[in-house]
Amino acid sequence: MRHLNSFGLKDQSGMMLLEALIAILIFSLGILGMVAINARAVEAATDSQARADAAKFTSEIASRIALAVDRTSETSIATSLAVFQHQTTGLANACSFSGSASVSPVVTDWATAVTAPGRTGLPGATATGLQILVDTSAGAFNRVTITVCWQQPGVATLRRHQLVSYVN
């Protein structure tokens with residue numbers, strides 16, 4: 001009987017240490033997985049906040065344009081809407097707009113707010129990433145299309161938000 005006990009103890013030597021190392025390894029992998037998930041969650045929350053801010057900025061300028069339009073006649077609506085056009089040419093898919101900038105203080109103040117650094121503006125938004133198109137042709141019903149582009153830090157893809165509004 002004594003022989004069996006001594007033989008059993010020799011087989012078990014170091015097993016507790018091996019079990020502890022395996023448990024530490026499994027625990028470490030779980031912690032690393034949680035850290036990776038947390039990083040993705042923070043990235044998604046930051047992107048969601050930027051998209052919400054872009055929607056807020058486009059809605060704000062659409063409201064300000066609608067309030068500033070002269071509605072005394074059809075001609076006056078078209079004339080007053082034309083003042084708000086901003087960078088009407090360029091590549092919409094690449095978010096690289098060009099053309100003349102609007103001289104309206106409503107639009108220039110808005111563009112300054114969107115491109116402001118820090119928490120007040122959109123991250124990575126530039127002056128060439130903003131566009132306001134106005135279409136006053138008969139079938140367009142005074143359509144105003146507002147496009148805002150931005151780029152999150154550390155992300156290669158450009159984000160774009162577009163709002164279409166009709167001013168009557």
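Colleague: Quick one on the strands. In which sense do β4 and strand β5 pair, and over how many bridges?

Modeller: Antiparallel, over eight bridges. Strand β5 covers residues 159-166. Bear in mind that this is a predicted model.

Colleague: Which residue is the bridge partner of T145 in β5?

Modeller: V164.

Colleague: And on the β3 side, how many bridges join strand β3 to β4?

Modeller: Six, and β3 and β4 run antiparallel. Strand β3 is residues 130-135. One pair to look up is V134 with V144, its bridge partner in β4.

Colleague: So β4 pairs with β3 and with β5. How many residues of strand β4 are buried?

Modeller: Seven of its eight, residues 143-150 being the strand. That is why β4 is largely enclosed by the rest of the structure.

Colleague: Let's zoom out. How many helices and strands does the protein have?

Modeller: Four helices and five strands. From the N terminus, the order is α-α-α-β-β-α-β-β-β. The radius of gyration is 30 Å, whereas the globule rule gives 15 Å for 168 residues, so the protein is more spread out than a compact globule.

Colleague: What box do the C-alpha atoms fill?

Modeller: Roughly 110 × 25 × 25 Å, along the principal axes.

Colleague: And what share of the residues counts as buried?

Modeller: 28% of the 168 residues. The accessible surface is about 10800 Å². Carbon and sulfur atoms hold 64% of that surface.

Colleague: What about contacts? Of those between residues at least 6 apart in sequence, what share joins residues at least 24 apart?

Modeller: 50%.

Colleague: Charges next. How many positive and negative side chains are there?

Modeller: 11 positive and 10 negative. The centres of the two sets lie 8 Å apart.

Colleague: I'm looking at D47. Where is D47 found?

Modeller: In helix α2, which spans residues 15-68.

Colleague: Is D47 buried or exposed?

Modeller: Buried. Its relative accessible area is 12%, and the cut-off for buried is under 20%.

Colleague: Which residues does D47 touch, leaving out those up to four places away in sequence?

Modeller: Q152 and R159. R159 falls at the start of strand β5, residues 159-166.

Colleague: Now backbone oddities. What sign does phi have at Q87?

Modeller: Positive, about 50°, and Q87 is not a glycine. Most residues other than glycine have a negative phi. F141 is another non-glycine residue with a positive phi, about 55°.

Colleague: Where are they found? Start with Q87.

Modeller: Q87 is in the loop between α3 (74-82) and β1 (89-91). F141 is in the loop between β3 and β4.

Colleague: Buried or exposed, Q87 and F141?

Modeller: Q87 counts as buried, at 9% relative accessibility. F141 counts as exposed, at 56%. The cut-offs are under 20% for buried and over 50% for exposed.

Colleague: Last topic. Where is A78 found?

Modeller: In helix α3. A78 is partly exposed, with a relative accessible area of 24%.

Colleague: What distance separates the C-alpha atoms of A78 and L163?

Modeller: 19 Å. The two residues are 85 apart along the chain.

Definitions and conventions: Residues are numbered from 1 along each chain as its sequence is written. This is a predicted model: local features need pLDDT of at least 70, side-chain atom pairs count only at pLDDT 80 or more; totals for chains, interfaces and linings use all residues. Side-chain values use heavy atoms; hydrogens and water are left out. Helices (H or I, at least four residues) and strands (E, at least two) are DSSP runs, numbered from the N terminus. The radius of gyration is taken over C-alpha atoms; the globule rule is 2.2 Å times the number of residues to the power 0.38. Buried means under 20% relative accessible area, exposed over 50%, partly exposed in between (1.4 Å probe, protein chains only). Contact means heavy atoms within 4.5 Å. Accessible areas come from the Shrake-Rupley method with a 1.4 Å probe; for residues, only the protein chains shown count as cover. Lys and Arg count as positive and Asp and Glu as negative; His and the chain ends are not counted. The place of a charge is taken as NZ of Lys, CZ of Arg, CG of Asp or CD of Glu. Two strands pair if DSSP finds at least two bridges between them.
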